[in-house]
Amino acid sequence: MSFVSHTRFGVLRRETREGKELLLLACPGCGEVGPLDDDQFHGRVSVDHASHGCPVGYHEKHDFWAASEEAGWEEA
Ligand SMILES: [Zn+2]
């Protein structure tokens with residue numbers, strides 16, 4: 001089962017794979033989906049997509065957790 005949250009910082013997806021919860025962010029710059037770790041999810045460190053070849057150099061830090069609580073989660 002997976003859930004999606006349309007936050008003001010981008011679209012987050014939460015899925016369970018092999019019993020582990022995985023958080024994914026669709027890069028607000030280029031749309032490529034990649035995993036978020038706990039520190040990135042809580043805004044303690046930035047999401048550096050620029051160094052992974054992001055064409056628009058997305059490199060930002062946000063409290064995605066708070067934003068997703070605000071936006072809510074829906075089944076996807
Ligand atoms: Zn990107």
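Here is a short tour of the sheet, the helix packed on it, the core and one residue, V11. The model is predicted, so please read every feature below in that light. Its sheet is open and built from five strands, and its largest nonpolar core has six residues.

**The sheet**
- The five strands follow the order 4-3-2-1-7, with antiparallel pairing.
- Strand 4 (33–36) and strand 7 (74–75) are the edge strands, since each pairs on one side only.
- In general, strands of a sheet pair through backbone hydrogen bonds, either parallel or antiparallel.
- Four bridges join strand 3 (residues 20–26) to strand 4 in the antiparallel sense.
- If you want a spot to look at there, L24 has P35 in strand 4 as its bridge partner.

**The helix across the sheet**
- Helix 2 (residues 64–71) lies across strand 1 (2–7), strand 2 and strand 4.
- The helix runs at about 95° to strand 1.

**The core**
- L12, L25, C27, F41, V47 and F64 make up the largest nonpolar core.
- Leaving aside residues up to four places away in sequence, C27 touches E32, G34, H49, C54 and Y58.

**A closer look at V11**
- You will find V11 in strand 2 (residues 10–17).
- V11 counts as partly exposed because 17 other C-beta atoms lie within 10 Å, whereas buried would take 20 or more and exposed 12 or fewer.
- Its contacts are V4, H6 and A26, again not counting residues up to four places away in sequence.
- V11 and V33 are 22 residues apart along the chain, and their C-alpha atoms are separated by 9.3 Å.

Conventions
Residues are numbered from 1 along each chain as its sequence is written. This is a predicted model: local features need pLDDT of at least 70, side-chain atom pairs count only at pLDDT 80 or more; totals for chains, interfaces and linings use all residues. Helices (H or I, at least four residues) and strands (E, at least two) are DSSP runs, numbered from the N terminus. Two residues are in contact if their C-beta atoms, placed from the backbone, lie within 7 Å. Two strands pair if DSSP finds at least two bridges between them. Axes are lines fitted to C-alpha atoms, for helices over the stretch in contact, and angles run from 0 to 180 degrees between N-to-C directions. A nonpolar core is a set of buried Ala, Val, Leu, Ile, Met, Phe, Trp, Tyr and Cys residues joined through C-beta atoms within 7 Å.
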